Amino acid sequence: MNMFATFWALVPPIVAIVLALITKEVYSSLFVGIVVGGLFFSGFSFEGTLTHIFNDGFVSVLSDPYNVGIIIFLVILGAMVSLMNRAGGSAAFGRFAKQKIKTRAGAQLATIALGVLIFIDDYFNCLTVGSVMRPVTDQHRVSRAKLAYLIDATAAPVCIIAPISSWAAAVSGFVEGEDGFSIFINAIPYNFYALLTIAMMIGLVVLHVDFGPMRHYEANALDGDLFSDKDHETEEEAPANAKGRVIDLIIPILTLIVCCVVGMIYTGGFFEGADFITSFSNSDASVGLALGSICAMLITIVIYLLRRVLKFSECMECLPAGFKAMVPAILILTFAWTLKAMTDSLGAKEFVAAAMEQNAGSFMNLLPAIIFLVGCFLAFSTGTSWGTFGILIPIVVAVFSGSDHELMIISISACMAGAVCGDHCSPISDTTIMASAGAQCKHVNHVTTQLPYALMVAAVSFVAYVIAGFTRSPFISLPVGFLLLLAALFAVKRMNAEKEA
């Protein structure tokens, strides 16, 4: 039975996702999905399954330069967080923020604001915002699940509407035969999922409304239980330096941002004559972030030694401590990358591309909404938004190029929005995994609490794309989307009030 480029190619990730949501256990669920993919590829041969999973799966993804760069970046970020905690910078920032930020709403809005400001890269966003805001949200009794949602919702959704980001560079590269960067700019007003997600976060905080599993987690947090997890064990950390000051957190974070930006434009040829935008477009995020974070960590250690807040031996103790903190995220990422390799080997891209090309011409005005749904499903199943861009955007360009430029822009935006939505919902998405790591929240808890919020925004976005397909105007479809989202939040707030009455 030939399973290549058929619906069977999407079965392994679907199995992994369903098992993760049912069992609440992500490692075994991902592994089962990997085994199913190996069995399908080998025709249920034991030897073929074993060699495919090991050689084409784990060994292949862990020897991929891009993946190795991301792992290095993760480990160094973990070490830097450990350094900032040990130096007393995080505790000092927590004390400072407690004086300035008086409410739970303020703590959440500050998290959103920082997430929006750090738009360079989603991985960088997740871990930086988490390390900076955890002390603040903990003091105001915001659950770790809510923090993970705020981090995740300001990662990919913000990067996909930021012209200067690794995501803009990726999308521009997929638009062959057209001016990719100008199309990206023109598509921003049509990126309904990203824009409505930002509105959703602000609405949830300002209206003091939560629903689904998140409501339970937030209620527990108000009673002092930030995790709502019986199995959660707080690891004992080395005591923080009482002499630590706010600058012991601010300077390392600013150094990290500057070094990572320089690292990314360096890989894009900025120092060889390319302008800033071009070098960002051509950058290698993995190498740039790894180089930048290494330089930032070395500078941070030198600053702490000069300020005498940490001894050299204490700085070195933070390196394995940071690595240990990132082990769960690295393990889940490795499983997720391997599952994606299984899916790719079964021809998932070819299956979706063929299905889209066959049906693209039949529903021209409804095509943006259909592409949005296909992008959601594909990114949810594979855990990769960039892979979804690579599959769908060239198809959209081939269908509309030279015939209907405005509908091409709307459809490309729908592809980007769908990919981000699916990525946002998926338990096997690397960004979702990073958000859990940034908030130090159990991964399955983050996925189950975030899903209802993401689905509400997705439903409203779908309606907005139906309208956009007919009106060809963001000035009609986007306001309608905002009003629908606001109405949904008020309806939920009213339902919650009736339950409490």
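The following exchange concerns helix packing, a salt bridge and a surface patch in a predicted model.

Student: How are α5 and α14 oriented to each other?

Tutor: Local features in this predicted model need pLDDT of at least 70, side-chain atom pairs count only at pLDDT 80 or more, and totals for chains, interfaces and linings use all residues. Residues are numbered from 1 along each chain as its sequence is written, and side-chain values use heavy atoms, without hydrogens and water. Helix α5 (residues 89-100) packs on helix α14 (residues 247-267) with axes 7 Å apart and an angle of about 110 degrees. Because angles of 65 to 115 degrees count as such, α5 and α14 are roughly perpendicular.

Student: Which residues of α14 meet α5?

Tutor: Contact means heavy atoms within 4.5 Å. From α5, Gly 89, Ser 90 and Phe 93 take part, and their partners in α14 are Asp 248, Leu 249 and Ile 250.

Student: How far apart along the chain are Arg 104 and Glu 218?

Tutor: Their side chains form a salt bridge at 2.8 Å, N to O, the criterion being a side-chain nitrogen of Lys or Arg within 4 Å of a carboxyl oxygen of Asp or Glu. Arg 104 lies in helix α6 (residues 104-117) and Glu 218 in helix α13 (residues 213-222), so the pair links distant parts of the chain, at a separation of 114 residues.

Student: Which element gives the most to the nonpolar patch?

Tutor: The patch covers about 760 Å², and its residues include Val 258, Val 262 and Tyr 266. Val 262 is placed in helix α14. With three residues, the element giving the most is α14.

Terms used
Axes fitted to C-alpha atoms, helices over the stretch in contact; angles between N-to-C directions. Helix = DSSP H or I, 4+ residues; strand = E, 2+ residues; numbered from the N terminus. Parallel < 35°, antiparallel > 145°, perpendicular 65-115°, else oblique. Patch = residues over 30% accessible without salt bridge, like charges linked within 9 Å, V, L, I, M, F, W, Y side chains within 5 Å. Areas by Shrake-Rupley, 256 points an atom, 1.4 Å probe, with all protein chains shown as cover.
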